[in-house]
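Hi there,

Here is the structure I promised to pass on to you. Have a look at it first, and then read on for what turned up in it.

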Amino acid sequence: MGRVETRGQRNIRWIEEHCRIPEGKDVGKPVRLRPWQKKDILKIYDNPARTRTAIESFGRKNAKTTKAGFLLLLHLVGPEAVQNSQLVSTATSRDQAALLFELAAKMVRMSPTLHPHVGIRDHTKQMYCTELGTVYRALSSEASSNLGGSPVFAVHDELGQVKGPRSPLYEAVETGMGAHENPLSIIISTQAPTDADLLSILIDDALGGHDPRVVLSLYTAPMEDDPFLVSTIKKANPAYGDFLNAEEVKKSAADTKRMPAREPAYRNLILNQRVDAKSVFVSHSVWQENGGTPVEDFGQARVYGGLDLSATTDLTALVLTAEIHDKWHTHSTFWLPENGLLDRAKTDRVPYDTWRDQGYLQTTPGNTIEYAYIAYELRRVFDRYNIGKIGFDRWNWRFLKPWLIEAGFRDWELEKFVEFGQGYQSMSPALRALESVLLSNRLRHGNHPVLTMCALNAIVQSDPAGNRKLAKDKSAGRIDGMVALTMGVAVATEDETQEYVVGRLKTV
């Protein structure tokens, strides 16, 4: 007696019998699914709990959209088709929405067995099977019309492009699918940039294994791996060396290694990591290279610092730095109010409570940052170190200064606090100075987790003249520590006993 074919095996056989390669060097040839593709399909259709949502995430150019086209046709005209049902695909833009439709339409036109049964409306991005009564249409977030209807099958293409935790289009489709007994959603995308984005939230929930009807196929390279090794690249790109051109990927890796500004996009698109591809100030690898352990005691070295004061409840940061044996060593202190700490940890999606327990984060009594508390902490810093200057955002100085006087600061000590603007005029030269220190591997930050979070969140904004500043409103999360570090390095370069020589700080 022959072996019984599973639902997933039947679907694989159907795809290979009826679908054609729509583009590339094998265009027009019958599909031959790779072992990893078959494994993912079996995971979807042979799930004992019956899959409601399937999430597939890997690097770009691994034929994500082509694979989604196979599954779409499987439900439009194949053995998964439900009589008189609606199918949709979603994307953030019209152009992206059109990609899946166009690939699926090419597959149909090339297939001698599918072409007679599937109608195509190019102008409305629709396909249909009259015999089965099934209809597919492509939707985008840019569309002005309401969704309507209740699809039984949906492909959410490149959901990682959705910023933030919500997508009205995604929610409308998923809500509409509730009318069916066994709906199926396919999410197929590279990862989103941040933990707070919709796709990241869905992936994290799937990793938790809370719902057996949600299956996940996640191909990603660990952040700690060397991003330029072939072994690392392969972890996020199952098609590497097959229909993903290995030479092109290696060229991209080599270009990125030579030009670090490209690294965020490389990590997100090629390594499928949660890295914002915006203009980040410092790449992950450059920051790691500067992660050496700083000295415990600055001794008699001249110490400079940056103080980023929060208004009431946000993160307050003090980063001190001193040049010792040609390296800039940092000591970082961060404060948050004790009350509501767990709520802030959930909102920001970072472990503030763990960092507090580990000693990396200090908490102040009550619901807000009390400047009296900060002032007495600064008093201890001045008593311990040979302070040169402390740069600070002038915004909250009028509130802090009276408490500094109360804490015993004398006039000559108050003069060491230097107002530092947050605009292009002050920040652009400060960023150049810090950038020079980082690229020459002369910073020692000790991988302080709060400072590291701030560094990797920091987004740079540029004006038409090419001047730069750190942009809190455009960054993915808190950057207060990076602002403080930047000010600390900047005031050191401006000190009257220092001169800035060829990108490095040198005592006169």
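**What turned up**

Of the contacts in the protein with a separation of 6 or more, 71% are between residues 24 or more positions apart. Please keep in mind as you read that this is a predicted model.

Some overall figures will help you find your way. The protein has 508 residues, and 52% of them are buried. Its secondary structure comes to 18 helices and 19 strands. Along the principal axes, the C-alpha trace spans about 90 × 50 × 45 Å.

**A covered strand**

A good place to begin is strand β7, which takes in residues 184-188. How many of the residues of β7 are buried? Five of the five are, so you can call the strand mostly covered. The cover is there on both faces: L184, I186 and I188 are buried on one side, while S185 and I187 are buried on the other.

Strand β7 also has two partners to look for. One is β1 (residues 53-57), which runs parallel to β7 and is joined to it by four bridges. The other is β6 (residues 153-157), also parallel to β7, with five bridges between them. Try finding I186 in your viewer: it is the bridge partner of A54, and it is the bridge partner of V155 as well.

What do β6 and β7 make together with helix α5? The three elements form a right-handed β-α-β unit, in which α5 covers residues 168-176.

**Two helices that cross**

Next, turn to helix α16 (residues 424-439) and helix α18 (residues 480-494). They pack at an angle of about 95°, and their axes are 8 Å apart. Angles from 65 to 115 degrees count as roughly perpendicular, and therefore α16 and α18 are described as roughly perpendicular to each other.

Which residues meet where these helices pack? From α16 come M427, A430, L431, A433, L434 and L438. From α18 come M482, V483, L485, T486, M487, V489, A490 and T493. Sorted by class, the contact has twelve nonpolar residues, two polar ones and no charged ones.

**Two residues with positive phi**

Here is a bit of background for this part: most residues other than glycine have a negative phi. With that in mind, look at K61, whose phi is near 65°, a positive value in a residue other than glycine. K61 sits in the loop between β1 and α3 (64-76). Is K61 buried or exposed? Its relative accessible area is 57%, and exposed means over 50%, so K61 is exposed.

D326 is another residue to check, with a positive phi near 70°. You will find D326 in the loop between β10 (316-324) and β11 (327-337). Because its relative accessibility is 33%, D326 counts as partly exposed.

**A proline in a loop**

Last on the tour is P30, in the loop between α1 (7-18) and α2 (35-45). P30 has a relative accessible area of 38%, so it is partly exposed. Leaving aside residues up to four places away in sequence, P30 touches E16, C19, R20 and I21. How far apart are P30 and S111 in sequence and in space? They are 81 residues apart along the chain, and 8.6 Å apart from C-alpha to C-alpha.

Enjoy exploring!

Methods: Residues numbered from 1 in each chain as written. Predicted model: local features only at pLDDT ≥ 70, side-chain atom pairs only at ≥ 80, totals over all residues. Heavy atoms only, no water. Buried < 20%, exposed > 50% of the residue type's maximum accessible area, 1.4 Å probe, protein only. Pairing = 2+ DSSP bridges. Right-handed = clockwise from strand over helix to strand, strands pointing away. Axes fitted to C-alpha atoms, helices over the stretch in contact; angles between N-to-C directions. Parallel < 35°, antiparallel > 145°, perpendicular 65-115°, else oblique. Contact = heavy atoms within 4.5 Å. Nonpolar A, V, L, I, M, F, W, Y, C, P; charged D, E, K, R; others polar.
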